[in-house]
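The following exercises concern a predicted model. Each task is followed by a solution that proceeds step by step.

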Amino acid sequence: MAALYSIRDRRSDAYQLVQDVVHEEMLHVQLASNVANAFGLAPRFAPPVYGGPTVPHIDFALDVPNPTELYTPYSTAIGPLDLERVNTMCLIEYPEWDTDRSPDLHEDSAEYGSIAEFYDAVRAGMFELRAHLRGGVNQVDEFRFYYNDFPGMTIVHDGDEGYREAIRLIDLITDQGEGQSQGDTGVAPQHQNTADGFEESWSHFKRFTVIRDMARLPATYTGAADPPPGSPGRRAQEILVADFAAFMQTLESLFGGDGGAGFGVRMAKIGGDIVTCWRRGAIPRFA
Amino acid sequence: MSVFRVHPAIGIARVGTSDEFYLAPETMAGVDGAGPGEPAGGLPIKAGTERVPITSADLRDRYGAMKRQAARFRIFRYPDEGQDRYPTGVGEEVTIGSEVDGKRVADVIWTVHVANKKSNNYWTNTLLGVHVFEPENASVLKVRNPQEGDDPDNPARIRRLVIDPGPRAIRGTDEGVVRFDKATRASFGAPGGEIEPVPAYPKSFPDLSYTGMYTPAGNIETLGELRTEPDGRLLVLAAHGIACGLLQADGTPYPFLGDVESDGWFDDLGDGPVSALLVFEDGTVQDVHGAWVVSTDPGFAPQIRNIVTLWDEVYDTWVRHLDLAREVFDGRFQDAYRPSFPDELQPLFRAVSLQRWTTNLPERAIDAHEAVAAIGPNDPPDETILTGLAYIRDPNGDREQGLGPPLMPLSLGDTGDQFLSVSLTQYFFLQQWDRGLASPDPGPPLGPGEYLDRATMANCLGGRFAPGIELTFIVRDPWIYEHDWRAIGCGPFRIRARPLDYRQAEASRPFLTGGYVPLHDAPHALTPARFEPGDITKFMAIPWHTDYNSCAVHPVWPNPTNATALYWSWPAQRPVTVHRAEDVRDGQLGPWRYSVRGPGTESTNLADTGRYQNMLDAVLNWHAIGFVIQGSAIEGDYSADQFLEVASRLDAPEIHPWPMNETT
């Protein structure tokens, strides 16, 4: 979102491409939370701390070839849409090479070489634990009318049938995200937004590689990471930090079965806060 | 010396099937009531009262027929000094018995001339909009009813295609009704203070020129009527919403060609000048700067304010092109201007939250819209949901009209624009507010007549002029208004009327001409022709019923990607989905239902639902549609926080929230 709202021209393809990623990632939060709830977990959201060359949870060195050799320089620090940020997005959405072998299963998620491999491992775990799956537990269905061709975004059954429903949700996440196999296959029609998408057949990985290959990245706002206390930029950051913390609580409420009162308002407010940070000369700060 | 003006400058009458009526609202939709317990603005007024708002019991007569809405006109006196500024903040009403400059008013003679020129006008161009009238597009400019020739100034064509009952005059002291029909004698208020008949006036109605009309809803017998209130105010009533067609050579009626255009069809809307003479007890007569009346569709959701109102459009034109407010715009928008939050921002914010009552917005979006309405005059913008204007479509240049959600408004745009944008002046006010430069205080006070001007237009549709409901894209043409209002003394927003000398009327030739054409010089003149009766409504759909019916939801247009997502056309003016009052249980809303529903409206394609599939059904059943009004105005126990449908003669199934797609 920070990179999206740093783009000055909302008509630009880059803006439209990243905006759809933002929307779809919100869907993915819902779907992953629905799966977690079905397995008896309670999703928790804490404001993350970003920065430096490390992408949390994924060790790219485990992947061969190591994609960081291609997508460099990169940084997970919050910033405008520039090459570092685009490379980071490519890394995060880097597809798994299709080797037709079982995933390596690790206790520590940081030991996976890509997010795709991580999801393979999740699938394996879901299969093993499918007997424990319970349908109808704190399921959230905010986006169903945006996906008319998708059969259902919640898990309503127990056991094997619920497992198949859950796998459908993971399939949607991975198909929209890193794409299938080597990232050169379009997002399946049933996984495409039927309401307000842009280039809906493109996975996130493809979107970011397209942006990366643009002759020129779009003009963006710039800002200071630490504006002086009392400055408009610092004030905008403080408002964003407070609103983002409230938004995290709203997410927990939403996926904890409490309805998520204020979700629509807080979600929209975060976007406005980020825009205001950029316009006030500050890099958005979330924590 | 005093200056006298009729207000509102543009009055709106609305059709109905009943002979009974109520009065047009004189408060603004989207604005709180005047006091505790008062309904929000926009409600029409009970006939025979100064300002008592109607209730749900007043919408139909005892037989269930839909009442008409009368446009009420009043005369205001202004001091001679200071009439070159706006607003003046002054003005006092003049009625029979008023003493003015030492003389007592004995009577008022009103003259009104409405006509319907729709069938003699040009086709709407769905891609070019007003640009179709530019000389370089002459090859695609197409007249309606080419079977009658291709020259709208041809007298024979005018005679057959223009509905023109001629002028009618009425005294303020009259207790009767003066109709715009074939039987009533044409007349006008003569300068000497008498009503002068025009027996030779060449009236024209379709059935006077054509035999064997197709009249499924009846024949067009009138374009409305005049009445006066005991104090001399004028009431202009619309007609009865009838559309009728011609028969083709094979005896079948002309088909409906589309939502907006149907050659061979007529309706009974109209528009024209309203003038007045004050007659004093000493026999002297005072001329009054006149106004204009437009008759149009019913106001099915009178309190639901449009995001872009007709006022926003007209004010934007006057600010940017006619030097109305140099503190706002003087060659460019002025950075030092501090828009008034209560007057220039809050009504827009309230309009945002009101859209939920006529659309199927999802719950989260409703919450967000209500957060916009909750913004107060002293709230720091950065702490509100609109901070950064992150979700407002920027209307500047050819920029963002093609960008859909999450940018707002979530409505379709003008011809050629995929999505609606706020006006440039509205956006400037929003920008100033976002910069912390709005004033929490009201703006300069309006005089009571000036308030009537603004309120009347604020209750009408702006924005998506494709072509619209009451008025259309011509309101953006500075040439339709009196430019010299400061010198003339007529005040702003007056239509540039052609002087009509009724003593020149001859039975053998039409009195009216082809009239105003946008971007075209008038014959022997350097500017477009001055306005005649019928020159405003002629740009609207023919018949209006089919356009109203259609304009529920559509995909964007142009649509280069064949997107199927559907968006609203005129949700505040043409309710798409509603909550019925009778579905409310213990204060809880019932399901959404289409406003236009029931037999003949069903479709498996969501792009076609909520409307009649056969356009003839719209012509026949429009008056069965219900009205959306505030709960506190509904008979029974309803919340003032809810705006619910009442008085519908239709019933129907439930529907799911937006988004939705057409079937391809």
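**Exercise 1. A hairpin and its neighbours**

Which residue in strand 7 of chain B does B:Val100 stand opposite? Place this pair in its hairpin, then identify the other partners of strand 7 of chain B given by B:Trp110 and B:Thr111.

Solution. Begin with the pair itself: B:Val100 lies opposite B:Lys103. The two strands concerned are strand 6 (residues 99-100) and strand 7 (residues 103-112) of chain B, which pair in the antiparallel sense over 2 bridges. They form a hairpin with 2 residues between the strands, and in this turn B:Asp101 has a positive phi of about 50°.

Next, follow strand 7 of chain B to B:Trp110, whose bridge partner is B:Ala276 in strand 16 of chain B. Strand 16 (residues 270-280) runs antiparallel to strand 7 of chain B, and 7 bridges join them.

Finally, take B:Thr111, whose bridge partner in strand 8 of chain B is B:Ala169. Strand 8 (residues 168-171) is also antiparallel to strand 7 of chain B, with 4 bridges between them.

**Exercise 2. A strand covered on both faces**

Determine which residues of strand 13 of chain B are buried on each side, and find the strands that pair with strand 13.

Solution. In a regular strand, side chains alternate between the two faces of the sheet. In strand 13 (residues 234-237) of chain B, one side carries B:Leu234 and B:Val236, the other B:Leu235 and B:Leu237, and all four are buried.

On pairing, strand 4 (residues 68-79) of chain B is antiparallel to strand 13 of chain B over 4 bridges, and B:Phe73 has B:Leu234 as its bridge partner. Strand 12 (residues 222-228) of chain B is likewise joined to strand 13 of chain B by 4 bridges in an antiparallel arrangement, with B:Glu225 opposite B:Leu237. The hairpin of strands 12 and 13 of chain B has 5 residues between the strands, and B:Gly232 takes a positive phi near 100° there.

**Exercise 3. Two packed helices**

Classify the packing of helix 3 of chain B against helix 6 of chain B, and describe the residues that meet.

Solution. Helix 3 (residues 310-321) and helix 6 (residues 424-434) of chain B pack at an angle of about 85°, with their axes 8 Å apart. The two helices are therefore roughly perpendicular to each other. Helix 3 of chain B contributes B:Asp312, B:Tyr315, B:Asp316, B:Val319 and B:Arg320, which meet B:Leu424, B:Thr425 and B:Gln426 of helix 6 of chain B. By class, this contact has 3 nonpolar, 2 polar and 3 charged residues.

**Exercise 4. A proline in a loop**

Is B:Pro25 buried or exposed? Locate B:Pro25 and list its contacts.

Solution. B:Pro25 is in the loop between strand 3 (21-23) and strand 4 of chain B. B:Pro25 counts as buried because it has 24 C-beta neighbours inside 10 Å, the threshold being 20 or more. Leaving aside neighbours within four places in sequence, its contacts are B:Gly42, B:Leu43, B:Pro44, B:Ile45, B:Pro302, B:Ala455 and B:Asn459. The C-alpha atom of B:Pro25 is separated by 9.2 Å from that of B:Arg72, 47 residues apart along the chain.

**Exercise 5. Chain A and the contact between chains**

Describe helix 8 of chain A, then the contact of the two chains.

Solution. Helix 8 (residues 263-279) of chain A has 17 residues and reaches 25 Å from first to last C-alpha, close to the expected 24 Å. Of its 17 residues, 17 are buried. Just after this helix, A:Gly281 takes a positive phi of about 80°.

The contact between the chains takes 25 residues from chain B and 24 from chain A. The chain B side comprises 13 nonpolar, 6 polar and 6 charged residues.

Note on methods
Residues are numbered from 1 along each chain as its sequence is written. Chains are lettered from A and ligands numbered from 1 in the order in which they are written. This is a predicted model: local features need pLDDT of at least 70, side-chain atom pairs count only at pLDDT 80 or more; totals for chains, interfaces and linings use all residues. The expected span of a helix is 1.5 Å times one less than its number of residues. A residue is buried if 20 or more other C-beta atoms lie within 10 Å of its own, exposed if 12 or fewer, and partly exposed in between; C-beta atoms are placed from the backbone. Two strands pair if DSSP finds at least two bridges between them. Two residues are in contact if their C-beta atoms, placed from the backbone, lie within 7 Å. Ala, Val, Leu, Ile, Met, Phe, Trp, Tyr, Cys and Pro count as nonpolar, Asp, Glu, Lys and Arg as charged, and the others, Gly among them, as polar. Axes are lines fitted to C-alpha atoms, for helices over the stretch in contact, and angles run from 0 to 180 degrees between N-to-C directions. Angles under 35 degrees count as roughly parallel, over 145 as roughly antiparallel, 65 to 115 as roughly perpendicular and the rest as oblique.
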